[in-house]
Amino acid sequence: ANAYTTNDHTTYLYECNDHFYEALDEFMDYVQNPYYTDENVEKEKGIIAQEIKMYDDHPFWQVYMNAMECLYKNHPIKIDIAGTVESINKINKDTLYTCYNTFYTPSNMLMVISGNFEPEELLEEIKKRIIRNENISEIKRIYPEEPEEINQKQKTVEMDVNNPLFVIAIKDKVLENKEELVRKHIAIEILLYMLIGKSSELYQRVYNEGLLIAQPDLDYEFSKQYAHITISGQSNSPEKVAEELIKEIERLKNNG
């Protein structure tokens, strides 16, 4: 069993070889019946505070968050998912129950199950375990208006690392049509590997020149409110890598 939180969703998961329905009982009870007390909230604050401090000293995470700060002027994606030590200290059990009762509703959840199941039988078992709250009102998400232009061009922070880390980020327009978004996602990831993947001319050139230590990580992140490309890795001259990347993009654009 495990869980994780991203910028726009929280996921709970488990896997097993047998006793699946007993585990499903525990799983759905855990998600649908939270138990918060003053004591366990205070205890958890200390754990989360240590995790926040750990990520404050994590170079890869910091360079990513700096990139988000450069891209976005107002959108909360530029804020660390865990918050700050100061912000979590203001949380109490009532805050958590308010968040839970607002967002943890069946209409705002998605369940994915993989395994050797009869779909209809499994669906009926899940329905038996769903607790419906008819008093929940419509969820309203309020996001600040975000300009198309980036917030700032560059940010550099000195930390104790063996080799300089970088993230080159490109802000993209948000698409509302889901089919177009899926096609765009696939196309961009293909183009990124064509552009600076391990078999590309650009990668071979900058690698042989000692500008890149290894193939950079290439990603396209998107949601209903934001979208961006990130190219991240290690380099003794990130500015030169960015310059060569821009030249290659322009060359490809000119060649159609």
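This passage describes the fold, selected residues, aromatic pairs, cysteines and a pocket of a predicted model.

The protein chain holds nine helices and five strands. Read along the sequence, these elements follow the pattern β-β-α-α-α-α-α-α-β-α-α-β-β-α. Along the principal axes, the C-alpha atoms fill a box of roughly 60 × 45 × 40 Å. The chain has 256 residues, of which 27% count as buried. Contacts between residues at least 6 apart in sequence were also examined. Of these contacts, 71% join residues at least 24 apart.

Two residues of helix α3 were considered next. This helix spans residues 59-71 and includes Asn66. Gln62 also lies in α3. Gln62 has a relative accessibility of 18% and therefore counts as buried, the limit being under 20%. Asn66, at 12%, is buried as well. The contacts of each residue were taken without its neighbours within four places in sequence. On that basis, Gln62 touches Tyr55, Asp56 and Met159. Asn66 is in contact with Lys155 and Val157.

Helix α2 covers residues 38-56 and contains Lys53. The relative accessibility of Lys53 is 43%, so this residue counts as partly exposed. Lys53 and Val31 are 22 residues apart along the chain. Their C-alpha atoms are separated by 28 Å.

Glu244 belongs to helix α9. Its relative accessibility is 10%, and Glu244 is therefore buried. Once neighbours within four places in sequence are left aside, Glu244 contacts Leu202, Arg205 and Val206. Val206 lies 38 residues from Glu244 along the chain. The C-alpha atoms of this pair are 8.1 Å apart.

One backbone angle was noted in the loop between β2 (10-13) and α1 (20-32), where His19 is found. Most residues other than glycine have a negative phi. His19 has a positive phi, near 55°. The residue is exposed, with a relative accessible area of 53%.

Aromatic rings were then surveyed. The whole structure contains 13 aromatic pairs. One of them joins Phe20 and Tyr21, whose ring centres lie 5.2 Å apart. The planes of Phe20 and Tyr21 meet at 75°, so the pair is edge-to-face. Phe20 is buried, with a relative accessible area of 16%. Tyr21 reaches 25% and counts as partly exposed. Both rings belong to a cluster linked by ring pairs. The cluster is made up of Tyr14, Phe20, Tyr21, Phe27 and Phe117.

Cysteines were examined for sulfur–sulfur bonding. A disulfide is a covalent bond between the sulfur atoms of two cysteines. With a limit of 2.5 Å between sulfur atoms, the count of disulfides is zero. Cys70 has a relative accessibility of 8% and is buried. Cys99, at 38%, is partly exposed.

Empty space was assessed last. Rolling a probe the size of a water molecule over the atoms shows where such space is left. The second largest pocket holds about 1100 Å³. Its lining comprises 33 residues. The closest to the pocket centre are Lys153, Gln154, Phe166, Val167 and Ile168. Elements that give two or more residues to this lining are α3, β3 (165-171) and α9 (238-254). The largest share comes from α9, with nine residues. By residue class, the lining divides into 21 nonpolar, five polar and seven charged residues.

Helix α3 thus appears in two parts of this description. The helix carries the buried residues Gln62 and Asn66, and α3 also gives two or more residues to the lining of the second largest pocket. Helix α9 likewise holds the buried Glu244 and provides the largest share of that lining.

Terms used:
Residues numbered from 1 in each chain as written. Predicted model: local features only at pLDDT ≥ 70, side-chain atom pairs only at ≥ 80, totals over all residues. Heavy atoms only, no water. Helix = DSSP H or I, 4+ residues; strand = E, 2+ residues; numbered from the N terminus. Buried < 20%, exposed > 50% of the residue type's maximum accessible area, 1.4 Å probe, protein only. Contact = heavy atoms within 4.5 Å. Phe/Tyr/Trp six-rings, centres within 6.5 Å; stacked < 30°, edge-to-face > 60°. 1 Å grid on protein atoms, 1.4 Å probe; cavity = no way out; pocket = protein on both sides within 12 Å on 5 of 7 lines; lining within 4 Å. Points joined across faces, edges and corners; volume = space filled by probe spheres on them. Nonpolar A, V, L, I, M, F, W, Y, C, P; charged D, E, K, R; others polar.
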